[in-house]
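Subject: Structure handover

Hello,

Here is the structure for you to look through. My notes on it follow below.

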Amino acid sequence: MIKDVLTSRRNQFIIVGIILVLAPLLISSDYYYHVVVFLFLNMILAVSWNLIFQTGQVSLAHVAFMAIGAYTSTLLVMRLEYPFLISFLLAGVLAAILAVIIGLIVLRLKGIYFVMITFALTEIVRLSITNSTGTLGGASGISGIPYPSLFGYQIDSRVGFYYFFLAVLAVTIFIVYRILHSRVGRVLRGISNNETLSQAVGVNISYYKIFAFAMGAFFAGLAGALYAHYNTHISPHSFTFVRSFDIIIFNIVGGTSHLLGPILGSSIFTILPEFFRSFADYQVLVYSLALILSILFLKDGFLSIIEGVKKQFKSKSDTKPEVKNYDHHV
Amino acid sequence: MFEQALINGMVLSSIYVLMALGFTLIFGIMKIVNFAHGEFYMLGAFALYFVYQVYEVNFFVAIILSAILIGLFGMLLEKFMFRRLGNDELRSMILALGISIFLQNLAILLFGATTKAIKAPFQGMLDLGFVKTSYYNVFIIIVSMVILAVFYIFIKKMKTGQAFIAVSLDEEIASVQGINVKKIKMIAFGVGIFLAAFAGALVTPLYTVSPMAGVNALLNAFIVVILGGLGSIMGALWGGLIIGLSRSYLTTYVGAAEADLLIFIMIAVVLLIKPNGLLGGSHQ
Amino acid sequence: MLAVKDLYVEYSGIRAVNGVTFSMDEGQFITLIGANGAGKSSIVKAITGLVKPKQGEIIFNDTNIEGRDSSVIIRQGISYCPEGRRIFATMTVEENLKIGAYLRKDKKKINDDLDKVYHYFPILKEKRNLPGGSLSGGQQQMLAVGRSLMSDPKLLLIDELTLGLAPIIIQDLAKILIELNQNGLAIILIEQNANVALKTANYGYVLETGNIILEDDTTELTDNDFIQKAYLGI
Amino acid sequence: SSNSSTSDGGGGKDGEVLKIGVIGPFSGGGAGWGLPLQYGVEMAVKELNENGGIEIGGKTYQAEVIAYDDQYIGDESVSAANRLVFEDNVDFIIGTIGSAGVLGMQTITEKNDVLILTNSYGTEALSPEKPFSFRVMPTNLEWGAEVVGYIAEQNPKAKKVAFLSPNDESGWQVQKNAEEDFLELDFEIVANEFPERNTQDYNPILTKVLNTKPDIIAFGGTSPGEMGVAMNQARALGFEGIFTAFGGPAIQEVLNIAGDNAEGFVYYAQTDFESPEVQEVIEKYGKDYKKEYLEIAPDWFDATKLLFAAMKETDSFDTAKVAETLRGMDGFEGLAGEMKWTGEEDYGINQQITKPVVVGEVKDGKAVIVDVRDVD
Amino acid sequence: MMFDIKNLSKSFGGVAAVNDVSFQINEGELFGVIGPNGAGKTTLFNLITGFLKADSGEISYFGTNVVGKRPNQLVQKGIVRTFQSTNLFLGNTVLENVVMGSYLTHKPSILKNIFISTKAQEQSALEYAEEVIEFVGMSAYKDLVVDNLPYGHKRLIGIAIALACKPKVLLLDEPAAGMVEDETKELINIIKKVHQTGVTVVLIEHDMKMVMNLCEKITVVEFGKKIAYGTPQEVRQDEEVIRAYLGVES
Ligand SMILES: Nc1ncnc2c1ncn2[C@@H]1O[C@H](COP(=O)(O)OP(=O)(O)OP(=O)(O)O)[C@@H](O)[C@H]1O
Ligand SMILES: Nc1ncnc2c1ncn2[C@@H]1O[C@H](COP(=O)(O)OP(=O)(O)OP(=O)(O)O)[C@@H](O)[C@H]1O
Ligand SMILES: [Mg+2]
Ligand SMILES: [Mg+2]
């Protein structure tokens with residue numbers, strides 16, 4: 001009985017949801033809030049990136065869309081005095097629109113060439129902001145970005161940010177999950193698996209690729225806006241391709257075969273460095289070692305650990321043989 | 001100014017080509033986007049610093065020795081790390097990234113964060129008539145051309161070179177031609193790293209070395225290879241020449257900050273017209 | 001020359017070859033026929049070292065080669081033309097052929113053999129400087145066969161010789177193989193087209209679900225009722 | 001290595017500990033600046049502890065350093081500050097370097113009354129709304145005019161200045177300040193270039209710049225390694241004029257790379273590193289560290305000592321009170337001489353340190369201190 | 001008339017793969033294309049199905065010129081193909097492969113997929129795919145990963161995927177390659193059944209028995225040129241065809 005309750009997907013979601021909503025009761029210091037808020041931000045980025053990845057494209061441009069979102073929302077609020085909520089949504093929308101336009105051009109590139117052109121894109125965005133003067137603040141960026149206010153309520157406490165970020169994260173996960181676990185998700189994976197054959201069964205591959213790219217960019221844009229209004233200071237320095245690499249690491253080290261992968265990956269690789277922080281000048285060294293080891297020993301990232309545990313669990317509880325799965329490697 | 005920019009561009013191009021060759025080799029054969037390539041460049045430079053500056057070995061011997069040392073180190077990494085990942089491109093890429101961060105910070109720990117310099121073995125300026133340049137610049141250009149030619153002949157005409165390509169295309173079928181795939185991959189990785197370290201050692205007298213020296217070197221190799229076409233030797237040559245010369249001329253006639261932006265835009269445009277780079281996928 | 005004893009091949013627990021034993025002498029020409037999935041490819045892959053046998057012995061010229069690395073086995077004088085062509089797509093036709101002679105040193109004789117292959121398949125000569133990937137399916141098959149001839153082997157393993165070839169080419173190829181065999185080359189031919197297989201080879205093995213169910217001279221097999229019904233469509 | 005450096009780990013004789021937070025780039029591209037920061041603070045802490053600690057409100061405290069790496073990434077500085085403030089309950093933080101990090105940290109420290117001693121070039125780091133933020137390194141806004149003044153006095157004929165500054169926030173800010181100093185004295189700015197950081201090949205940009213026939217090449221915040229390379233390349237291209245730099249160079253590093261090519265280089269020396277006072281401190285507290293980082297450490301050593309002095313004078317750890325004292329503490333004797341607070345005019349608040357401007361010049365291949373000028 | 005192909009040409013860097021070819025295919029026909037290796041048959045398929053764009057000429061499909069249309073648009077119009085080399089969604093099961101083929105018959109909508117449960121559609125797609133698999137006789141294998149299935153089975157799955165697209169015209173590129181006699185017979189039955197449901201079939205095949213057995217009309221190409229056209233009997237006796245393609249023995 002209990003086991004049934006726990007294994008239903010929906011119930012699992014509900015349980016995790018309740019835990020997250022109640023978690024602030026347990027969070028004792030603002031520092032933990034800060035870490036968790038950043039974790040949520042990273043999760044939004046990682047999960048939305050995964051949507052693009054499902055079409056077989058490794059994008060380094062996620063951070064560029066994040067930057068676009070951050071600057072859009074900041075400028076709308078500060079210069080045009082738009083209400084926060086509108087600016088926030090427009091940040092996502094503008095990022096998505098730009099993604100459609102860019103996607104129309106770049107999504108014909110494949111593999112490493114796509115990686116490269118999205119890398120170039122990121123650098124073009126960053127360098128353009130750096131070399132700009134005036135409104136965008138150039139290399140020094142923009143300071144004093146106001147805290148978000150929603151329906152007259154100003155979010156300025158850590159708890160406030162916690163719930164706000166959590167809400168956006170929940171929406172992101174919900175939408176990405178629904179897309180991936182549906183026929184659309186099947187189509188996306190089909191495209192990544194075999195473009196020619198997908199075309200041959202009637203799939204308009206550009207349409208789906210652009211959709212995934214723009215949808216991912218939308219959430220990256222939102223994440224950028226969140227970041228700007230939480231941090232209250234942005235500069236091109238915050239949007240280098242290094243952050244894109246982090247997003248990729250979250251996914252690959254987490255595991256890509258399931259949405260749980262990026263969620264796990266971003267959790268571990270956001271929290272772990274905080275543990276390593278007390279190593280001071282050795283922090284990065286230890287971090288890179290952890291990265292190397294997890295890549296070396298985990299086949300599908302942290303998901304393989306979960307799979308391993310599951311298997312063990314299964315083989316204990318029932319002796320029915322596994323569905324035969326051919327090994328793909330000779 | 002025009003002539004000076006030409007010489008500047010040629011020197012840049014030579015270095016880019018050297019870096020790009022190793023990078024493109026490793027990608028072509030192992031399908032690894034070697035984000036640690038710059039760190040091997042940096043290690044090559046540090047190796048030279050110790051072998052030549054500290055232990056005072058003859059300069060030319062020292063360069064080769066440094067590159068071989070680092071190349072061997074690369075082979076070890078292939079044997080004990082990259083091989084484990086098989087042909088998983090993404091994981092290999094992240095592994096390379098991890099190694100890159102690790103080596104950078106290890107270097108800070110071992111060698112310090114400050115910049116070190118090596119004196120060029122020969123000083124003085126050569127008057128080419130239309131412009132003056134240092135002997136060492138000329139040396140770099142010539143050495144790069146020689147390496148490029150040797151490498152080209154190696155790949156196109158020698159059995160091992162052909163084996164590299166065969167392995168890159170289909171390991172199983174390569175092995176039933178009698179090719180020892182594991183060995184070839186290890187050699188290919190070693191040669192690629194050798195080239196990176198060689199480039200690093202060669203240019204240190206011109207520049208300097210510090211633990212972060214690899215970052216820009218990698219970026220340049222990366223864009224050169226993408227522009228020229230991954231896995232293509234002639235692509236590395238053309239990519240190197242184009243990026244080297246455009247960087248020189250754009251910087252001289254437009255400005256440094258704009259040059260980078262313009263180069264990225266140029267690459268984006270080229271890729272849109274030729275999605276596989278200038279000579280991509282041809283192994284020419 | 002070649003002896004396969006009690007060979008088992010498994011893929012993650014699934015049996016593909018189920019205790020197969022056969023042997024052949026120098027200069028023999030045998031064929032393996034059988035339905036899809038009977039295990040024919042698995043047998044030759046085990047011989048070439050592309051799959052590791054689960055159990056059993058493979059002896060080639062008095063040395064055990066089972067489980068060794070392919071590159072080592074090939075060195076003994078075995079050549080393999082894989083199922084599904086698998087030519088090196090971006091290498092030129094000529095480079096493809098030359099890589100077939102990877103282990104040989106005798107430049108002169110390599111060139112002779114190259115000419116021989118060009119003589120067998122003139123279209124390859126015409127396209128010698130084009131990338132292999134631009135060839136049509138059948139042309140690629142010719143290239144794959146040509147490549148396997150370039151190593152001057154003692155034993156030639158061909159998996160699916162006629163796949164995608166035009167009838168006229170099949171007739172030519174059959175003649176070529178017979179000629180090569182008469183010049184002393186031992187051949188194992190896997191072939192879906194039993195008509196061709198039984199006409200070219202001297203001795204045949206019939207496989208079903210990993211077992212040899214029948215073996216005989218090809219002339220006898222051709223007259224066999226079962227064979228006529230299941231494989232010759234008579 | 002460890003993050004704490006109390007001499008015995010057990011606190012003062014009353015068992016009390018004063019925690020000092022340190023944030024700086026100890027890895028990656030900024031390590032050359034971050035490590036001296038860490039070492040400078042640790043040296044001052046060692047000195048304090050060796051002298052028995054600090055007595056406040058009748059209790060004796062031993063100081064302890066908690067250091068976090070921010071990799072020269074703004075977000076990391078923010079996280080580190082969060083940890084120091086909320087987790088380690090630190091009230092005093094030294095660092096970080098660079099505007100992005102400092103501005104990020106201030107969103108936490110100012111609200112929580114945490115006192116920070118930083119170094120960055122942006123003007124926004126100091127303002128009346130940020131009473132807890134002090135800048136303990138003079139920026140070239142403070143000392144630039146003196147260095148330019150020295151150059152003008154020594155080279156009455158030099159008129160044309162070409163700028164090379166890194167293309168980032170500090171580069172742009174430093175260049176802007178320095179340009180004004182030059183214009184003030186009727187120099188002409190003939191070139192103003194912003195190459196990316198980590199540039200190794202300055203030939204193309206120098207070719208452009210030298211075409212304008214400058215008498216002076218001024219570096220605006222370029223790191224010492226790159227400066228050395230650029231000097232070599234400029235000389236090879238035939239430049240015979242003067243080099244100067246805005247942004248404290250590690251002069252030994254420059255000399256190691258540029259050698260004779262650095263001849264005539266005029267720079268802001270921060271402290272007279274070779275002076276007996278500095279050498280004594282290094283000998284006593286810095287010998288465990290890598291020598292190559294120590295050139296900039298004395299400034300952080302001074303800043304940390306200044307902070308301790310202010311605490312002592314206030315006889316309290318109340319940050320608001322300590323800040324108040326600090327603002328009023330003119331005339332503290334540091335290794336570079338007397339330290340004072342200014343900034344009212346430029347930032348609206350007196351929380352910018354100034355010191356006598358120690359001007360160095362490379363003469364006959366050696367770095368020598370040629371002038372010490374008081375700021376007016 | 002279904003297809004009216006006029007003066008179609010396509011060349012690759014000097015090689016005229018398809019050279020001024022014209023022919024017609026009627027609705028409901030079983031049409032064969034044969035010719036020596038490299039004659040341009042596959043290229044012809046690529047042109048008809050939009051995977052390549054013709055250099056010149058016209059492909060009229062029910063009266064409209066479809067040159068320049070993308071493959072997925074043509075699939076929507078009912079033009080469906082299989083590939084000469086096996087082309088599957090690797091790493092997936094047979095069932096999953098065929099479900100992908102039901103993309104058009106059970107077309108997903110993104111918005112619905114996000115906000116409304118699509119279990120019903122998913123279920124019906126699954127059932128549909130199972131029917132198709134049953135039709136080609138692969139039910140026993142439906143839950144196996146396709147990667148290492150025997151060659152002939154892979155080819156059948158390729159056909160199943162194509163069938164799941166509900167073609168009006170099905171273009172098969174060497175479907176019997178790699179099959180033994182028995183299996184070929186099975187395949188012939190399948191193709192006949194498909195044809196009986198009103199689907200036009202265009203077949204490239206080197207197995208002459210099969211071609212002669214199945215096709216009503218045959219076009220023979222060589223060096224990108226049409227060299228003969230007619231019923232199997234006519235073509236079989238054509239001197240040109242014997243010289244270029246069949247050889248003496250057939
Ligand atoms: N790499 C592999 N992994 C898992 N199973 C495999 C692998 N290769 C072959 N098999 C399975 O082993 C069995 C025998 O396959 P094999 O390829 O040897 O047959 P075959 O007689 O050559 O068939 P075909 O005529 O289709 O080529 C088949 O059931 C096949 O699915
Ligand atoms: N992408 C390409 N680049 C260059 N040449 C090509 C390309 N594709 C096909 N060709 C050439 O065009 C000709 C026709 O090829 P095609 O694949 O259409 O032949 P086919 O009739 O299908 O032959 P087969 O029966 O062997 O499959 C061949 O000579 C082939 O080499
Ligand atoms: Mg087989
Ligand atoms: Mg074909």
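Contact here means heavy atoms within 4.5 Å. Chain C and chain D have no such contact, and their closest C-alpha atoms lie 37 Å apart. Chain D and chain E do not touch either. Their nearest C-alpha atoms are 34 Å apart. Please keep in mind that this is a predicted model.

**Chain A with chain E**

These two chains do touch. Chain A puts 29 residues into the contact, and chain E puts in 38 residues. The size of an interface is often given as the accessible area lost when the parts come together. For chain A and chain E, the buried area is about 3,100 Å². Carbon and sulfur atoms carry 61% of it.

How many salt bridges are there between chain A and chain E? The count is 1 salt bridge. Its partners are Arg186(A) and Glu122(E), whose side chains meet at 3.0 Å, N to O. That falls under the rule that a Lys or Arg side-chain nitrogen must be within 4 Å of a carboxyl oxygen of Asp or Glu, so the pair counts. There are also 13 residue pairs in polar contact across this interface, both residues being at pLDDT 80 or more.

On the chain A side, the elements that give two or more residues are α7 (158-180), α8 (183-193), α9 (195-200) and α10 (205-231). Of these, α8(A) gives the most, with 6 residues. By class, this side of chain A has 14 nonpolar, 11 polar and 4 charged residues.

**Chain C with chain E**

Chain E also touches chain C. Here the contact takes 28 residues from chain C and 30 residues from chain E. The two chains bury about 2,100 Å² between them. Of that area, 53% is on carbon and sulfur atoms.

The rule finds 0 salt bridges across the interface of chain C and chain E. It does find 9 residue pairs in polar contact there, both at pLDDT 80 or more. Which elements of chain C give two or more residues to the side that touches chain E? They are α6 (137-149), α7, α8 and α10 (225-232) of chain C. That side has 11 nonpolar, 12 polar and 5 charged residues.

**The second largest pocket**

This pocket holds about 960 Å³ of space. It is lined by 38 residues. The closest to its centre are Ile170(C), Asn193(C), Asn195(C), Val196(C) and Asp207(E). Two chains supply the elements that give two or more residues to the lining. From chain C come α7 (167-182) and α8 (194-200). From chain E come α7 (181-196) and α8 (208-214). The largest share is from α7(C), with 6 residues. By class, the lining has 16 nonpolar, 11 polar and 11 charged residues.

Note that α7 and α8 of chain C turn up twice: they line this pocket, and they also give residues to the side of chain C that touches chain E.

**Two backbone points**

Gly95(D) and Thr96(D) are joined by a cis peptide bond, with omega about -5°. Thr96(D) sits in strand β4 (residues 92-97) of chain D.

Thr232(A) has a positive phi, near 60°, and is a residue other than glycine. Where is Thr232(A) found? It is in the loop between α10 and β4 (233-234) of chain A.

Best wishes

Terms used. Residues numbered from 1 in each chain as written. Chains lettered and ligands numbered in written order. Predicted model: local features only at pLDDT ≥ 70, side-chain atom pairs only at ≥ 80, totals over all residues. Heavy atoms only, no water. Buried area = accessible area lost by both parts, 1.4 Å probe. Polar contact = N/O pair within 3.5 Å; in protein donor to acceptor, adjacent residues only side chain to side chain. Helix = DSSP H or I, 4+ residues; strand = E, 2+ residues; numbered from the N terminus. Nonpolar A, V, L, I, M, F, W, Y, C, P; charged D, E, K, R; others polar. 1 Å grid on protein atoms, 1.4 Å probe; cavity = no way out; pocket = protein on both sides within 12 Å on 5 of 7 lines; lining within 4 Å. Points joined across faces, edges and corners; volume = space filled by probe spheres on them.
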